[in-house]
Amino acid sequence: MHRYFLINKPYNMVSQFTSPDKVRLLGDLNYPFPKGTHAIGRLDNESEGLLILTTNKKITRLMYSGEKNHLRTYLVMVQNVVSA
């Protein structure tokens, strides 16, 4: 049975459980995610917000390796005024 998690990824954390770099990882969150959990998509280290995690690799393949394109919508808030 696959599991799904919705988390609010904090600022200054990468969207992965392992990395060769010295960075904060999803595994640093205080939750016992099951083995094989991975992020569907990613947020940059400097970004924070909703991130979906799952143990279902088929979903990830469908989203990123599938033959059909899918619409993605992002809501972004910036700290400073954006120039034209």
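The largest share of the lining of the largest pocket, four residues, comes from strand E3, and this part of the predicted model is a convenient place to begin. E3 covers residues 49-54, and both this strand and helix H1 (57-65) supply at least two residues of the lining; helices (H or I, at least four residues) and strands (E, at least two) are DSSP runs, numbered from the N terminus. The pocket has a volume of about 850 Å³, and of the 24 residues that line it, the closest to its centre are Arg42, Leu43, Leu50, Thr73 and Tyr74. A pocket here is an open set of points on a 1 Å grid over the protein atoms alone, where a 1.4 Å probe fits, with protein on both sides within 12 Å along at least five of seven lines, and lining residues have an atom within 4 Å of a point. By class, the lining has 13 nonpolar, six polar and five charged residues, where Ala, Val, Leu, Ile, Met, Phe, Trp, Tyr, Cys and Pro count as nonpolar, Asp, Glu, Lys and Arg as charged, and the others, Gly among them, as polar.

Residues are numbered from 1 along each chain as its sequence is written. In this predicted model, local features need pLDDT of at least 70 and side-chain atom pairs count only at pLDDT 80 or more, whereas totals for chains, interfaces and linings use all residues, and side-chain values use heavy atoms, with hydrogens and water left out.

E3 is also a pairing partner for two other strands. E1 and E3 run antiparallel and are joined by six bridges, while three bridges join E2 to E3, again in antiparallel fashion; strands pair if DSSP finds at least two bridges between them. Within the first of these pairings, phenylalanine 5 has leucine 53 as its bridge partner in E3, and asparagine 8 stands opposite leucine 50. In the second, isoleucine 40 stands opposite isoleucine 52. Side chains alternate along E1 (residues 4-9): Phe5, Ile7 and Lys9 point to one face and are buried, whereas Tyr4, Leu6 and Asn8 point to the other and are not. Buried means under 20% relative accessible area, exposed over 50%, and partly exposed in between, with a 1.4 Å probe and protein chains only.

Asparagine 56 is located in the loop between E3 and H1. This residue counts as buried because its relative accessible area is 10%, and its side chain makes a polar contact with the side chain of tyrosine 4 at 2.8 Å. A polar contact is a pair of N or O atoms within 3.5 Å, of which, within protein, one must be able to donate a hydrogen and the other to accept it, and residues adjacent in sequence count only if both atoms are side-chain atoms. A polar atom of the asparagine 56 side chain also lies 3.0 Å from the backbone nitrogen of lysine 58.

The loop between E1 and E2 (38-40) holds valine 14, which is buried because its relative accessible area is 15%. Leaving aside neighbours within four places in sequence, valine 14 is in contact (heavy atoms within 4.5 Å) with Lys9, Val23, Arg24, Leu25, Leu26 and Asn45. Asparagine 12, found in that loop between E1 and E2, has a positive phi of about 65 degrees although it is not a glycine, and counts as partly exposed because its relative accessibility is 39%.

Notes. Points joined across faces, edges and corners; volume = space filled by probe spheres on them.
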